[in-house]
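These are my notebook entries on a single protein chain. I set down each item in the order in which I looked it up.

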Amino acid sequence: MVLYLCCISHYRVLHVLFFFFKQKTAYEMLRSLVGSEMCIRDSSSAPVDMARLLDFTDGSPENLRELVTLYLDQTSAQIEQIEAAVRDGKAQEVRRLAHSCAGASATCGMTNLVPLLRELERLGAENVLANASELARRAGIEFLRIREFLEAYLVEHASLAARP
């Protein structure tokens, strides 16, 4: 399995691939890299890789608005469903939902949310939900950061979408 970790340096995103070995959890790998040259974005950094998202939408303001709206609606529902599945102890449901949500989030450049979702996916696959409640809570908080960031971005760039 490959874990995608992203770092920011002067607003440029460098994608680094790390192979994820079973000896370490994704969370342990992330913690070991904090402070190193390959530091992981912390909670004060932008929660969205806008270069990735804009590239994915071909720079079209209309496509961006449509994709952001779809992502926020779909992911909001999935985060709620993940939290409910964790509460109900439905490990395979956690795995399925986290997998789906992580894929869409990675595609759209939600770099801080993806590792949390991948770890939830792993826990669900292993039928071990001991730490899943905390991870789901953190994923919910990160999703709120994403929502606020994207909504502010769309408001700030609303004039672009209005141009012919």
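Is C108 buried or exposed? I worked from a predicted model, and in it C108 is buried, with a relative accessible area of 6%.

**Cysteines.** I then turned to C101, which counts as buried because its relative accessibility is 0%. I searched for disulfides and the count came to zero.

**Overall make-up.** I listed the secondary structure of the protein chain and recorded seven helices and two strands. Read from the N terminus, the order of elements is β-β-α-α-α-α-α-α-α. The chain has 164 residues, of which 41% count as buried. I noted an exposed area of about 9600 Å² for the protein chain, with carbon and sulfur atoms supplying 56% of it. I also looked at contacts between residues at least 6 apart in sequence; 60% of these join residues at least 24 apart.

**Nonpolar core.** The largest nonpolar core holds 35 residues, and I noted L53, L117 and L150 as those with the most contacts inside it. At least two residues of this core come from each of α2 (50-56), α3, α4, α5 and α6. In soluble globular proteins, nonpolar side chains tend to be buried together.

I followed L53 outward, setting aside its neighbours within four places in sequence. The contacts of L53 are V48, L64, L67, V68, C108 and L150. C108, the buried cysteine of my opening entry, is thus among the residues that L53 touches.

**Helix α5.** This helix covers residues 113-125. I compared its length with expectation: at 1.5 Å a residue, its 13 residues should span 18 Å, and the end C-alpha atoms lie 19 Å apart, which agrees. I found α5 mostly covered, with 11 of its 13 residues buried. The buried residues of α5 include L113, V114, L116, L117, L120 and L123, but E119, E121 and R122 are also on the list. After α5 comes N127, and I recorded its positive phi, near 55°.

**S105.** Which residues does S105 contact, leaving aside its neighbours within four places in sequence? I found Y71, M110, L113, V114 and L117. S105 itself is placed in helix α4 (residues 91-108). S105 counts as buried because its relative accessibility is 0%. Of its partners, L113, V114 and L117 are among the buried residues of α5.

**Helix α6.** I repeated the length check on α6 (residues 132-156). Its 25 residues should span 36 Å at 1.5 Å a residue, and the end C-alpha atoms are 36 Å apart, which agrees. Among the buried residues of α6 I noted L135, F143, I146, L150, Y153 and L154, together with G140 and E142.

**Aromatic pair.** I counted one aromatic pair. It is formed by Y71 and F143, whose ring centres are 6.4 Å apart; the planes stand at 55°, so I entered the pair as tilted. The pair links distant parts of the chain, since Y71 lies in helix α3 (residues 61-87) and F143 in helix α6, 72 residues apart. Both Y71 and F143 are buried. My last cross-reference was to S105, which has Y71 among its contacts.

Methods:
Residues numbered from 1 in each chain as written. Predicted model: local features only at pLDDT ≥ 70, side-chain atom pairs only at ≥ 80, totals over all residues. Heavy atoms only, no water. Helix = DSSP H or I, 4+ residues; strand = E, 2+ residues; numbered from the N terminus. Expected span 1.5 Å × (residues − 1). Buried < 20%, exposed > 50% of the residue type's maximum accessible area, 1.4 Å probe, protein only. Phe/Tyr/Trp six-rings, centres within 6.5 Å; stacked < 30°, edge-to-face > 60°. Contact = heavy atoms within 4.5 Å. Disulfide = S-S within 2.5 Å. Areas by Shrake-Rupley, 256 points an atom, 1.4 Å probe, with all protein chains shown as cover. Core = buried A, V, L, I, M, F, W, Y, C linked by side-chain atoms within 4.5 Å.
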